[in-house]
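Student: I should like to understand the terms used to describe a protein model. Could we take them in turn?

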Amino acid sequence: MDLYWNAYGVTGMLKAAFTLIIGIFVYLQKKDSATNFAFLIFSLAISEWSFFSALHAMVNSPQLCLLFSKICHIGALFIAVFFYYFTQKIIGKKFRASTIAGFLLGILLAIINFKTSLFIPGTRTDVGVLY
């Protein structure tokens, strides 16, 4: 896999690395804290989205670009769910039904993302190969 290092890819990789480092750092401060764990999984979702979004912009192969786009959407789908979970831990309230519904909806949309072409039907080169 040949990577074309461009500004979008480099900044995406940096964003992924720093977000992951911050998430791990916060978690390691107090491992038994549910709030710190919620922040860690929120950070992991952002980091995963950033990493594969960057890879999507750096490959020359349309097949790899499509694969990385679909993987990138998994993190994007769960950022909102994990943020909702994290805010529940901060405020100290539990909204169990809506949290479970959010996780189930995220899983359903991730399956639809990979099994159908409803999210991302294909790739095209409107503004260049690496767009």
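Tutor: We may begin with burial: a residue is called buried when its relative accessible area is under 20%. In this predicted model, 37% of the 131 residues count as buried.

Student: Why is N6 called buried?

Tutor: N6 has a relative accessible area of 17%. The cut-off is under 20%, and N6 is therefore classed as buried.

Student: Where is N6 placed, and what is N6 in contact with beyond its neighbours within four places in sequence?

Tutor: N6 lies in the segment before α1 (7-29). Leaving those neighbours aside, N6 is in contact with A57 and M58.

Student: What makes the approach of the N6 side chain to the backbone nitrogen of G9 a polar contact?

Tutor: The distance between them is 2.7 Å. A polar contact requires a pair of N or O atoms within 3.5 Å, so this distance satisfies the cut-off.

Student: Which helices supply at least two residues each to the lining of the second largest pocket?

Tutor: They are α3 (62-91) and α4 (96-115). The protein has four helices and zero strands. The pocket itself has a volume of about 180 Å³, and its lining includes Y85, K89, F95 and R96.

Student: How many residues of each class does the lining of the second largest pocket have, and why is G92 counted as polar?

Tutor: The lining has three nonpolar, three polar and four charged residues. G92 belongs to this lining, and it is counted as polar because Gly is placed among the polar residues.

Notes:
Residues numbered from 1 in each chain as written. Predicted model: local features only at pLDDT ≥ 70, side-chain atom pairs only at ≥ 80, totals over all residues. Heavy atoms only, no water. 1 Å grid on protein atoms, 1.4 Å probe; cavity = no way out; pocket = protein on both sides within 12 Å on 5 of 7 lines; lining within 4 Å. Points joined across faces, edges and corners; volume = space filled by probe spheres on them. Buried < 20%, exposed > 50% of the residue type's maximum accessible area, 1.4 Å probe, protein only. Polar contact = N/O pair within 3.5 Å; in protein donor to acceptor, adjacent residues only side chain to side chain. Contact = heavy atoms within 4.5 Å.
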